[in-house]
Amino acid sequence: MRCAALLLAVPLMLTAQTAPEEEILRAPAPAREFRGVWVATVNNLDWPSRPGLPTEQQQAELLAILDRVAALRMNAIVLQVRPEFDALYQSPYEPWSRYLTGRQGRPPAPLWDPLAFAVEEAHRRGIELHAWVNPYRAAFWRDSLVASNHVTNQFQNLVRQYGQYLWLDPGLPESRAFTLRAVVDIVRRYDIDGIHIDDYFYPYPEIRGGARVDFPDGAAYETYRRSGGPLEKSDWRRNNNDEMVRELYATVKAEKPWVKLGISPFGIWRPGFPATTTAGIDQHEELFADVRKWLNEGWLDYVAPQLYWPIQPAEQSYPVLLKWWVEENLKAREVWPGLALYKLPITGPRKMSATEIVQQIELTRAQPGARGHVLFNARVLMNNVERVADRLAQTYREPALIPAMPWLDSIAPGKPVASIAIDSLETKVVRFVPSDAKPLSAWFVQARVDGAWSSAILPSAERMYILSGPESHADAISVTAVDRVGNLSPAAILRRTP
């Protein structure tokens, strides 16, 4: 935003509207849609492009992603900051990630804090940042761990090998404690907008010789049974995950009630739900994740099921699965499905097209109860595969606010104080300040020209908006403050004087 020149004491074309007029003139309500993209760091899938890059190049790559998101009028990134009990931030508990520096435990040089940088730069662009953490995966490859302070070296009694992975045993309360500690640290020290958990609770099943390999948690289960625990093993495993999610939600809210908690599960709760769904893993019985229960207990603020299926055939399709998730959302939390952008560059029967992605967004908009989506993954967006970024620029033609979450806070911020002046270059400048101390996430500014309203969303740190082009002839301006959970203030209306 260019700075205004010295303001002149000249008659203004727009003045604050009187109360009776204010009741008559109302700008249209803002569009509401979560437009997010996952930025994966595991295996350097999205960012950084490779481990060990100089700090300046890492920062430049991250800024390029944020600039692309802002240019497309998207409003959120989901940044993976703890892929394997490590950290892409300056953690007092866990080692620096090898995906950042090339060797686990090695700090970046020159030293910087990627999460602090990402939050600041995202907010500067009016973008929410959700910090994505993995609760139990300790190592993506079991031979990749070298840092002496990594959990697998310090607490080997908690670690279980399963396939290529090392996993902390979810049946042990100590395992949950490590993740809760990390989440508290992130929420407390960083101005994030959300904590995000993906679909890895118990691991996806390993198949060996045609048979499913059981996760090696027998010792933890026997301890539970000896202590009088009544649950059968599968119920016990689900209960372990229930406890994790319940504690995680309570922990986040105790620190900062406005920080959202979201979970992105496998897209099918169970085969047979809905009835035409027959293929796919049974996450209830194999990942032991009862996401439907979490949603309806109110232990999350949004669910982002990974609906990576095409629109056709209809039996097990994107719209059918989306409708099921929306209908199961009994507490009216947010449902923001994940879309398979990653299938654009692949070949074979699983490939999707940019046209399919755009159609899925339109179907989501047409589905009551679904007010957003998340794209996986950022690299495809940056590479503009099949010109998908160009297509999305048309799909996101108008800016949108993230849906409000009134169960977190329903108190609107105060009506802002707004005025307009003309600078020495005859440019009209709208100025605005908050009227109370409630933390804000954005400003929503609208201008009316020839009866049609245009809109802009500005970062909360902004205090002015320059009217240029057709907006310089606006006969009405509306300025609204938006708080951290999406509540709108009463609008400050400025109108042209006769």
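Contact, on this tour, means heavy atoms within 4.5 Å. The model is a predicted one, in which local features need pLDDT of at least 70 and side-chain atom pairs count only at pLDDT 80 or more, while totals for chains, interfaces and linings use all residues. Residues are numbered from 1 along each chain as its sequence is written, and side-chain values use heavy atoms, with hydrogens and water left out.

**Stop 1: Val479**

Select Val479, which sits in strand E21 (residues 476-483). Helices (H or I, at least four residues) and strands (E, at least two) are DSSP runs, numbered from the N terminus. Val479 has 0% relative accessibility and so counts as buried; buried means under 20% relative accessible area, exposed over 50%, and partly exposed in between (1.4 Å probe, protein chains only). Now show what touches Val479: beyond its neighbours within four places in sequence, the contacts are Pro416, Ala418, Val430, Phe432, Trp443, Phe444, Val445, Pro490, Ala491 and Ala492. For a distance to try in the viewer, take Val479 and Ser455: they are 24 residues apart in sequence and 9.9 Å apart in space, C-alpha to C-alpha.

**Stop 2: a sheet of three strands**

Next, select strands E16, E17 and E20, an open antiparallel sheet in the order E16-E17-E20. Two strands pair if DSSP finds at least two bridges between them. Strands E16 (417-422) and E20 (464-467) are at the edges with a single partner strand each, so one side of each has no neighbour in the sheet. Direction ignored, neighbouring strands here are turned by 20° against each other on average; the axes are lines fitted to C-alpha atoms, for helices over the stretch in contact, and angles run from 0 to 180 degrees between N-to-C directions. E16 and E17 (residues 428-433) run antiparallel and are joined by 6 bridges. To see one pair, pick Ala421, which stands opposite Val429 in E17.

**Stop 3: a sheet of nine strands**

Move on to the open sheet of 9 strands with parallel pairing, ordered E13-E12-E11-E8-E4-E3-E2-E15-E14. Its edge strands, E13 (334-335) and E14 (338-339), each pair on one side only. Zoom in on E3 (residues 76-82) and E4 (residues 128-133), parallel strands joined by 6 bridges. Ala76 has Glu128 in E4 as its bridge partner.

**Stop 4: strand E7**

In a regular strand the side chains alternate between the two faces of the sheet. Select E7 (residues 165-168) and show its side chains: Tyr165 and Trp167 on one side, and Leu166 and Leu168 on the other, are all buried. E7 pairs antiparallel with E5 (residues 137-139) over 2 bridges, and it is joined to E6 (residues 159-162), also antiparallel, by 4 bridges. Click on Leu166: Ala139 stands opposite this residue, and so does Gln161. In the hairpin of E6 and E7, with 2 residues between the strands, Gly163 takes a positive phi near 60°.

**Stop 5: Gln306**

Look in the loop between strand E12 (302-303) and helix H11 (318-327) for Gln306. With 13% relative accessibility, Gln306 counts as buried. Its side chain makes a polar contact with the side chain of Asp199 at 3.2 Å. A polar contact is a pair of N or O atoms within 3.5 Å; within protein, one must be able to donate a hydrogen and the other to accept it, and residues adjacent in sequence count only if both atoms are side-chain atoms.

**Last stop: the whole chain**

Zoom out to the protein chain, with its 14 helices and 22 strands. Buried residues make up 56% of its 498 residues.
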